[in-house]
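Ready for a few warm-up exercises on a protein model? Try each task on your own, then walk through the solution.

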Amino acid sequence: MKKVLTGDGSYTLFSEEYKEVYHSISGAEEEAVKKYVEPTGVFELAKKGFINVLDVCFGIGYNSAAVIDAALKSNPDCKIIIVGLEKDEKLLDVMKELSPSFESYKMIRDIRDCVYKNPNVDIKIVFGDARDTIKNIEEGFDICLFDPFSPKTQPEMWTETFFKDIASKMKVGGVLSTYSCATHVRINLVRAGFDPKDGPSIGRRAPSTIAIKI
Ligand SMILES: C[S@@+](CC[C@H](N)C(=O)[O-])C[C@H]1O[C@@H](n2cnc3c(N)ncnc32)[C@H](O)[C@@H]1O
């Protein structure tokens with residue numbers, strides 16, 4: 001798997017299968033923080049003491065690590081549950097060779113048999129096609145980090161059907177965050193029971209999408 005240096009000094013990967021990078025080339029860590037942590041309100045949620053996160057397309061775990069860092073910074077006693085859906089088991093080895101600046105990345109590197117646990121943090125990765133594995137996971141997520149490859153490259157991931165399955169696992173008022181602002185993606189989110197709005201733009205780029213489960 002080819003590593004690619006991004007604008008903030010952190011590395012991402014290039015997928016030979018999809019011919020796309022895993023994160024924004026302007027900054028992989030920055031994208032995780034700006035598009036997935038800040039707009040989902042992790043900091044505020046953590047103050048309540050418990051966050052339940054669904055990470056769809058877990059990849060190399062940057063989005064989850066960014067959430068854990070922010071939650072523990074906000075409230076060191078916060079309990080964080082993360083369920084990651086991912087199809088590529090080889091990434092477990094790749095993660096062990098990466099050193100992003102997220103403090104909690106040592107937890108990600110320490111995932112054994114798809115699980116990591118400490119008194120605050122519980123991470124479980126479910127391998128397989130997320131459109132199938134979603135059906136057998138628990139309910140009650142506060143946040144969904146939705147991060148497949150682009151709608152153009154992977155249209156099958158951005159459908160009304162898949163968003164409906166995700167919505168069925170989230171709490172009312174839960175927040176889904178994704179980097180795409182494509183109109184048809186937002187239409188599918190609405191049909192699936194979300195209320196999508198512009199999320200942050202980084203630099204001069206188009207906004208991301210923040211969608212509240214109604
Ligand atoms: C853009 S990368 C995700 C980056 C990740 N969120 C991170 O922070 O490191 C997309 C990921 O989706 C995974 N993927 C693609 N299709 C999938 C599917 N049908 N089910 C589960 N994972 C899938 C790929 O293996 C890849 O790891």
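A residue is called buried when its relative accessible area is under 20%, exposed when that area is over 50%, and partly exposed in between. Keep this rule handy, and keep in mind that the model is a predicted one.

**Exercise 1: a salt bridge and its surroundings**

Task: Find the distance from N to O in the salt bridge of Asp110 and Arg112, and work out which burial class each partner belongs to.

Solution:
- Step one, the distance. The side chains of Asp110 and Arg112 meet at 3.0 Å, N to O. The cut-off for a salt bridge is 4 Å, so the pair qualifies.
- Step two, Arg112. Its relative accessible area is 49%, so Arg112 is partly exposed.
- Step three, Asp110. Here the value is 35%, and Asp110 therefore counts as partly exposed too.

**Exercise 2: two further pairs**

Task: Do the same for Arg131 with Asp129, and for Asp195 with Lys197. Then say how many salt bridges there are by this rule.

Solution:
- Step one, Arg131 and Asp129. The closest N and O atoms of this salt bridge are 2.6 Å apart. Arg131 has 29% relative accessibility, which means it is partly exposed. Asp129 is partly exposed as well, at 26%.
- Step two, Asp195 and Lys197. In this salt bridge the closest N and O atoms lie 2.9 Å from each other. Asp195 comes out at 32%, so it is partly exposed. Lys197, with 46%, is also partly exposed.
- Step three, the count. By this rule there are 15 salt bridges.

**Exercise 3: two helices that pack**

Task: Describe how α1 and α3 pack: at what angle, how far apart are their axes, and which residues meet?

Solution:
- Step one, locate them. Helix α1 covers residues 28-37, and helix α3 covers residues 62-74.
- Step two, the geometry. The two helices pack at about 65°, and their axes are 9 Å apart. Is the crossing left-handed or right-handed? It's right-handed.
- Step three, the residues. On the α1 side you'll find Ala28, Ala32, Val33, Tyr36 and Val37. They meet Tyr62, Asn63, Ala66, Val67 and Ala70 of α3.
- Step four, sort by class. This contact has 9 nonpolar residues, 1 polar residue and no charged ones.

**Exercise 4: positive phi**

Task: Lys19 and Cys57 have positive phi values without being glycine. Where does each one sit, and is it buried or exposed?

Solution:
- Step one, Lys19. Its phi is near 55°. Lys19 belongs to the loop that runs between β2 (11-15) and β3 (20-21). With a relative accessible area of 53%, Lys19 is over the 50% cut-off, so it is exposed.
- Step two, Cys57. Its phi is near 80°. Look for Cys57 in the loop between β4 (50-56) and α3. At 17%, Cys57 is under the 20% cut-off, so it is buried.

**Exercise 5: two acidic spots in helices**

Task: Place Asp132 and Glu160 in their helices, and give the separation of each from a residue elsewhere in the chain.

Solution:
- Step one, Asp132. You'll find Asp132 in helix α6 (residues 130-133). Its relative accessibility is 49%, so Asp132 counts as partly exposed. Now look across to Leu5, 127 residues away along the chain: the C-alpha atoms of Asp132 and Leu5 are separated by 33 Å.
- Step two, Glu160. This one is in helix α7 (residues 160-167). At 25%, Glu160 is partly exposed. Leaving out residues up to four places away in sequence, Glu160 touches Asn188, Arg191 and Ala192. From Glu160 to Leu92, 68 residues apart along the chain, the C-alpha separation is 30 Å.

**Exercise 6: the whole protein**

Task: Check whether the radius of gyration of the protein agrees with that of a compact globule or not.

Solution:
- Step one, the parts. The protein has 8 helices and 11 strands.
- Step two, the extent. Along its principal axes, the C-alpha trace spans about 40 × 40 × 35 Å.
- Step three, the comparison. For 214 residues, a compact globule would have a radius of gyration near 17 Å; the protein has 16 Å, so the two agree.
- Step four, inside and across. Buried residues make up 55% of the 214. Of the contacts between residues at least 6 apart in sequence, 67% join residues at least 24 apart.

Definitions and conventions
Residues are numbered from 1 along each chain as its sequence is written. This is a predicted model: local features need pLDDT of at least 70, side-chain atom pairs count only at pLDDT 80 or more; totals for chains, interfaces and linings use all residues. Side-chain values use heavy atoms; hydrogens and water are left out. Axes are lines fitted to C-alpha atoms, for helices over the stretch in contact, and angles run from 0 to 180 degrees between N-to-C directions. Helices (H or I, at least four residues) and strands (E, at least two) are DSSP runs, numbered from the N terminus. A crossing is left-handed if the near helix is turned anticlockwise from the far one by less than a right angle, and right-handed if clockwise. Contact means heavy atoms within 4.5 Å. Ala, Val, Leu, Ile, Met, Phe, Trp, Tyr, Cys and Pro count as nonpolar, Asp, Glu, Lys and Arg as charged, and the others, Gly among them, as polar. Buried means under 20% relative accessible area, exposed over 50%, partly exposed in between (1.4 Å probe, protein chains only). The radius of gyration is taken over C-alpha atoms; the globule rule is 2.2 Å times the number of residues to the power 0.38.
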